[in-house]
Structure formats: C-alpha cells, structure tokens
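User: I would like to work through some questions on a protein structure. Please show the sequence and the model, and explain any term that is needed.

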Amino acid sequence: MGLAQRMLPAWLRAYDRSWLRPDALAGLTVLAYMVPQVLAYSGIIGLPPITGLTTAVVALLVYAWLGTSRVLSVGPEATVSLMAGLVLAPLIRAHPEQTVALTATLTLLVGLWMALGSLLKAGVVAQLLTRPILTGYLTGEALLMIASQLGHATRTRSVGNTVPQQILDFVRHAGAVHWPTLWAMLATWLLLLVVPRVTRRAPAALTAVAIATLLSYLFHGSAHGLVELGALPHGLPPFTVPRLDPATLQTLVLAALGIALLAFSDVMLVARGFAEPGEEINANREMLAAGAVQVASAFVGGYPSSASSSRTAIGRSTGQHSQFSAIVTATGIALAVLIAGPLFEHLPIASLAAIVFWAAFKLVEIADYRRLWSFRRSEFAVSMVAALGTAILGILPGIAVSVALSALQILGSLARPHEAVEGYAVGLPGYHDVDDYADHVTIPGLLIYRYDGPLIAYNRHDFQVRLTRAVLTYGPRWVLLNVEANMLIDYSASETLRDLIVELQQQGRVVALARLKQDLLAQLQAAGIMELIGDHAYMTLPQAIRAYQLANPDVKMPPIPRPGEPFEPEGPPTSV
C-alpha cells in the first residue's frame, strides 16, 4: 500500500459503490435535522448563528478523515455547548467584544487536552465504558432526546438539563399546548411509520421532512402558528485568532479539561454503541480525531464539538454505511449557507421533533436488557443506573456513577474470587474442583488449592482465611498451591503469603507451588518468597504430585480416573 493510499481514511480505502446512495440519503436526512440544532446551540453561547454551521462543517470533515467510526456524527451538541456557555459566560460579560476570540480559546484548549491525552495513550479510560454502561447510556440519551423535544412538539416551554427538570417544566405549561403544532408532529410521526411500509426505496425521515415542509408552505403553516425554521444566515466567519494571554489561559485551562472529558466520553459511548460487529473503535485515535476537530474549529471561531447519538441514530436508521454521509452533510450545510437557504425556510420545527422521537425509540434495545437480566442481575443493575443516571443527573454524572458502580462490582469479584480444592473426578482426566463432583477422590496428605484471581491487597485477607480453613479441614502434610490463575501479586498480598508460608512451615507442613508462570515467578522472587519455597516449585501438577509421592512413600496413591490404568504422573518431578 502506497503512502498516498495509507493517508486515506479506512472507510474510503474499502468503500463499496453500493453504499453511495444510502450514504447520500443518510447525509441529507441528517442535514435536515442538524441545521436547526446547530443554529440553536450557537445561541446558548451567544455566538452568531453562522458560527454553529461553520463549526458543524469543520467537525464533520475533520472527523470523517481522522475518526475510526464509520457512522458517528460529530459536531455541535447540546450538553457540551451548554457546558461551554456556562464556562464562558463570566468572561463574555466582562469582554463582550471578545466573544468569538474567547470561545475559540476555550475550543483550542479542549483540543490540546485531547491531543495530549492521545499522546499519553489516555484512551485506555474508555475501557471503563462497558457494554452494560453503553446500553444504559443510550437509553438515558433516548430519554433526554424525547424530553428535550416536548416543547418543540407542542410549542410549550420545556427547559432544563435533565429529564425530570424538562418534564416538570412541560407539565407546568401543558395547558398551553398549541394543537396545530402537536398535530404537525403527529402527522410527521405517522409518515415516518407509513413510508417504510409503502416503499423501502424512499428514506422515511427525508421523505417526511420534505412532505412536512411542502405542506407547511402550501397551507401557510406559519399563519396557523407553526414555528418554521426560517431563512438561514449568509456568509462565512473570518479566520479567528484565539486569545492566548496568561490570564485567559489560566481561567479556561481546567474548564477545558472538564469539557474534553465530557466530549471524549460522548464520542466513545456513541461510537461503540453504534459500532457494527467486528468494527474496531480505536480509543486513542478517537481522542486524536476529536482533538483535531476542536483545534480546527477554534480557528474559524467555532465552539467545542462532541458526538450526537440522535444524529448518529438518524443516519443509521436511513442506511448509512460510512463517513461519506458526513461529507454529504457538510457539503449540504455549506450550500445551505451560500445558496439553498430558502429550501429550509418552511420546515416545521415540530417535524424535526418527530424525527428525534423516532430516532430515540431506535436507541433503546429491549433485547439487550433481557440478555443482561438473564446473564447477571448485577450487570443489569449497572445498565439501569447508567440509563437513569444519564436521564436524571445528566450525561457526565450519570456516566460517572455507573462507571463507579461497575468498578465496585469488579472490585467485589476481585475481593472474593472463586476457590477450589482439587482432586480427581471418576471418569475424567485431569484435576478438578472437588465441589463439582460427588464422586471425587483426593490424595491423602496432599491439599491442592487453587485461588482463581490475582493476589492483591483487596483479597489478601480472604485468601488467608479460606486457605487456612482448607488446611484445618484436610490436615495435609503438603500444601500445594496451584497458582495458574494468580498472574499478579502486589506487595501487600506478598507479605500475607509470606506470613502464611512461614506459619505453615512452622506447623511442619511443606508448601509447594505448581503451574508457576514466569511473570509470577519474577514477582515472587522479588518478594523473597521463592527462598521460602526452595525446591518445591513445579511446572505442572503431575510433577508436583510425583514429588509428593517420592517424599511420602508410605502414602497409598489413589487410582487415576480411568479404570484399569495405573497411576503414573507425567515425568520426574522438576523444580522451577
């Protein structure tokens, strides 16, 4: 592969021409939904409407080139825009003439934090975003999407940053529902349901938007109180130089880190949530791509961008295969700004709300919850916490709570992993947990003990108690630790293990190790434990058992599980 070809994005190198039509239709559908979104988000910060459109074009094109997700829609998003607006508000009040420059500075800092994180391989934090968290997050996002559109669907007030806030505000003003607006939303919803049943060739969302726009134009929807998109602004913003004076940087640098974390979490959650089976989402590359989006946006006066689950859902629902749809959307926005503004003028905002509702329902995967419930209730609980936390607390707190719960669950499993006393099971070769087989056989005087987890500070006391209990139960001459599952031991656990070995040896028992891997061996040598073990470290269990047999010739060895065959462990005993 030549250098020029390697510089192309992966989706373009493997592009299938059959994707062209669905990608183009997906791009046009997202375009119809994205334009009013980004116009509104500019107002959150107090920027000219054109700034949101410019930010969207830059974000779509840069991510399409550098990102690893085939379908992720990147650009202005409500939560990040709101957070940026809150950070910038005090500075803008003091320096209103510097609004664009201050916004560009914040956006540049967000991008630099992401670039630094990518350089330091900090994308590993995305591994905390497990599948149950992804499932719950998308559900919470769906609830946020639905709640955020209640006001647009009824022309009432519904404001707030969380679902409860928005619903309570909507209920307070429910008596002021504007019925033509509600009927326009329901009519568009009906079209979204009917069009796929009539024909698979026409994209439901784009067809519904086109029909709604045409009807609003023909029947003078604005005269009946329908809120329409209106004419788009013209012109492009000038090249912007961020304010780099020390006072501004000092004020914004930590806030930019918080926005960077929120934006990256959003990118990874949505990208992985919509990834096809086998599609690799590279966390460090995603962080670099998101950082490049922010840096490029800064120099056109843009504000921080993130990923949109609603736009991604709309694109996927209309057949999107690759980031070519993002290029179509970016081209459409640019043309809309320059020449095609009148085409959007009569689009009812209520119709866009219907598209959001339609996309939101597609985010909720009931089958995933059924599988989680059947697989493990604790992981189902993590998913529900992610869903409710995102909806009730907001995206970042919701993610933080669910990640913390997931981490506690992992720590709980590490604090008390499975243990096994091993022996023979009649009719089966090898060594097995005696609790699994009623007809098991153990070797007299030999305790084979396996602790299925790393030995760390969190479980050292559990390991000590359970091993001691097994020793008291079996009263062995030898305590043989099968350490195949103990790939890690930390300092605290090594001290506990040392004390246990010394105590057992003082009782006259031999402590031996089997199935010792090189990584663990190095750790045990560094802790001085191998000096206590001496020659009683073996590569395999049969070698350890053979050594026990030679050291205790008076012990009658049981037959191995194959009837009629003599007991003969593999080879002579060999120390590590």
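Analyst: A salt bridge is a side-chain nitrogen of Lys or Arg within 4 Å of a carboxyl oxygen of Asp or Glu. The model shown here is a predicted one.

User: Which residues are linked in a network of salt bridges?

Analyst: Side chains of opposite charge can pair when their charged atoms come close. Such pairs can be joined into a network, and this structure has one made of Arg416, Glu419, Asp462 and Arg466.

User: How many salt bridges does a search of the whole structure find?

Analyst: The search applies the 4 Å limit between nitrogen and oxygen. Over the whole structure, the number of salt bridges found is 15.

User: Asp169 forms a salt bridge with Arg157. Is Asp169 buried or exposed?

Analyst: The closest N and O atoms of Asp169 and Arg157 are 3.0 Å apart. The pair links distant parts of the chain, since Asp169 lies in helix H9 and Arg157 in the loop between helix H8 and H9, 12 residues apart. Arg157 has 48% relative accessibility and counts as partly exposed. Buried means under 20% relative accessible area; Asp169 has 4%, so Asp169 is buried.

User: Arg376 forms a salt bridge with Glu379. What is the relative accessible area of Glu379?

Analyst: In this pair the closest N and O atoms are 2.9 Å apart. Arg376 is partly exposed, with a relative accessible area of 39%. Glu379 counts as buried because its relative accessible area is 19%.

User: Which strand holds the Glu422 that pairs with Arg450?

Analyst: The side chains of Arg450 and Glu422 meet in a salt bridge, with 2.6 Å from N to O. The two residues are 28 apart along the chain, and Arg450 belongs to strand S6, whereas Glu422 belongs to strand S3.

User: Are Arg450 and Glu422 buried or exposed?

Analyst: The cut-off for a buried residue is under 20% relative accessible area. Arg450 falls in that class, and Glu422 is likewise buried.

User: What is the distance between the end C-alpha atoms of helix H12?

Analyst: Helix H12 has 28 residues, from 246 to 273, and at 1.5 Å a residue it should span 40 Å. The end C-alpha atoms agree with this, because they are 40 Å apart.

User: On which residue is the kink in H12 centred?

Analyst: The kink in H12 amounts to about 35 degrees. Its centre is Val253.

User: Which nonpolar surface patch includes Ile211, and what is its area?

Analyst: Ile211 lies in helix H11, residues 204-218. With 32% relative accessibility, Ile211 counts as partly exposed. The patch is made by Ile211, Leu214, Leu215, Tyr217, Leu218 and Phe219, and its area is about 600 Å².

Key:
Residues numbered from 1 in each chain as written. Predicted model: local features only at pLDDT ≥ 70, side-chain atom pairs only at ≥ 80, totals over all residues. Heavy atoms only, no water. Patch = residues over 30% accessible without salt bridge, like charges linked within 9 Å, V, L, I, M, F, W, Y side chains within 5 Å. Areas by Shrake-Rupley, 256 points an atom, 1.4 Å probe, with all protein chains shown as cover. Helix = DSSP H or I, 4+ residues; strand = E, 2+ residues; numbered from the N terminus. Buried < 20%, exposed > 50% of the residue type's maximum accessible area, 1.4 Å probe, protein only. Expected span 1.5 Å × (residues − 1). Bend = angle between axes of the 7 residues up to and from the residue.
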